[in-house]
Amino acid sequence: MNVPVRTPSAIAPDLPVRPPVVDACALLYDDAGWRVYLHRLGENAPEYLDVFSASFCRYFGADHATYRDALAVRWQDAVDVLLPPGRPPFDLDAYLADRRRQGVTGEFAMGSPERLPDGRTVNEWLLETTRDVRDRVHVWAGLSLRDPAAALDELERSLAAGATGLCVIPFLDGTDPADPRFAPVWDAAAGARLPVWLHTGHHFARSHPSGLGSWRTVETLAARHRELLLVAGHAGWPDVQETLLTAARHPGVYLEFSSHRPRHMPKPGSGWEPLLHHARGLARDRVLFGTSTWVNPAPTAALADELAGLALPAEVTTAWLSGNAEALMARAAGPHRG
């Protein structure tokens with residue numbers, strides 16, 4: 001008697017297969033890079049080391065009570081709890097293998113202009129480390145707008161080294177990206193067809209205004225630099241509707257919802273109701289999936305499954321998980337590049 005092999009489709013023929021994932025907000029660092037990242041937060045927005053203490057400890061496998069005790073003394077000591085001596089070195093092959101298991105076929109890896117102990121910038125390390133896997137890892141070089149000339153130089157160096165995008169975090173710089181003195185940076189990004197991931201919406205840095213990097217910033221930049229491709233990081237939450245309407249006015253604007261779990265989006269008062277309401281129309285081709293890596297230290301596959309579990313048409317789920325990110329990169333690599 002021949003017993004048929006029970007494939008997953010035979011067991012559950014109606015079970016949907018989740019599309020592949022492109023993570024539009026990934027952080028790929030070794031321990032030196034993570035230390036620079038955490039120190040940048042500590043020096044410019046130490047509130048993050050407090051508010052997200054549980055997330056940091058889960059991601060780095062640290063004891064939360066020990067971390068909190070250290071943080072009460074010095075934030076530098078808390079960073080040492082997260083990154084103690086003797087941690088295994090970063091293994092790119094293992095990292096990519098895990099990403100494949102999670103269903104991730106590509107990612108936008110966010111860099112930084114900060115210096116590592118060896119003198120390289122994080123951008124340089126990231127571009128060198130991923131040189132042979134650019135089909136999987138798209139480096140979006142980090143810029144600081146505190147010095148417009150230095151930002152422009154960093155953009156040009158990173159572009160020459162293979163960066164395919166940029167990222168800017170206004171609350172870490174304490175700068176308004178829409179200030180006219182930064183226009184040469186935005187003009188250069190638009191001319192090179194480098195999409196820019198811009199932190200938008202709520203932030204916890206009490207020393208800087210909450211409006212730094214709002215949907216109004218996106219509106220101003222998109223109106224002033226018509227060819228600029230802008231990704232509103234975190235979708236401008238809680239002003240998602242305003243950010244979405246900005247995208248409706250400007251074809252180069254996208255929304256990316258990292259740091260927020262899809263499973264919470266349908267809940268009343270979440271602030272994500274406009275995104276789901278317009279998912280079949282306005283938001284269909286303008287939304288990207290992202291993780292922010294440590295903020296929700298669940299496996300990427302779990303976060304993607306949460307999105308796939310929402311009551312959205314299959315074509316919308318596919319577009320949000322990967323299709324729109326792939327279309328954005330194809331658009332950026334178009335004939336105007338260079």
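**Exercise 1. How many helices and strands does the secondary structure of the protein hold?**

Before starting, note that this is a predicted model, in which local features need pLDDT of at least 70, side-chain atom pairs count only at pLDDT 80 or more, and totals for chains, interfaces and linings use all residues. Residues are numbered from 1 along each chain as its sequence is written, and side-chain values use heavy atoms, with hydrogens and water left out.

*Solution.* The protein has 16 helices and eight strands; helices (H or I, at least four residues) and strands (E, at least two) are DSSP runs, numbered from the N terminus. Its radius of gyration is 20 Å, close to the 20 Å that the globule rule gives for 338 residues, so the protein is as compact as a globular protein of that length. That radius is taken over C-alpha atoms, and the rule is 2.2 Å times the number of residues to the power 0.38.

**Exercise 2. Describe the place and surroundings of threonine 130.**

*Solution.*
- Step one, the place: threonine 130 sits in the loop between helix H8 (122-129) and strand E3 (137-143).
- Step two, the cover: threonine 130 counts as buried because its relative accessibility is 0%, where buried means under 20% relative accessible area (1.4 Å probe, protein chains only).
- Step three, the side chain: one of its polar atoms lies 2.8 Å from the backbone oxygen of leucine 126.
- Step four, the partners: leaving aside neighbours within four places in sequence, threonine 130 is in contact with Leu28, Val137 and Val139; contact means heavy atoms within 4.5 Å.

Key. Buried < 20%, exposed > 50% of the residue type's maximum accessible area, 1.4 Å probe, protein only. Polar contact = N/O pair within 3.5 Å; in protein donor to acceptor, adjacent residues only side chain to side chain.
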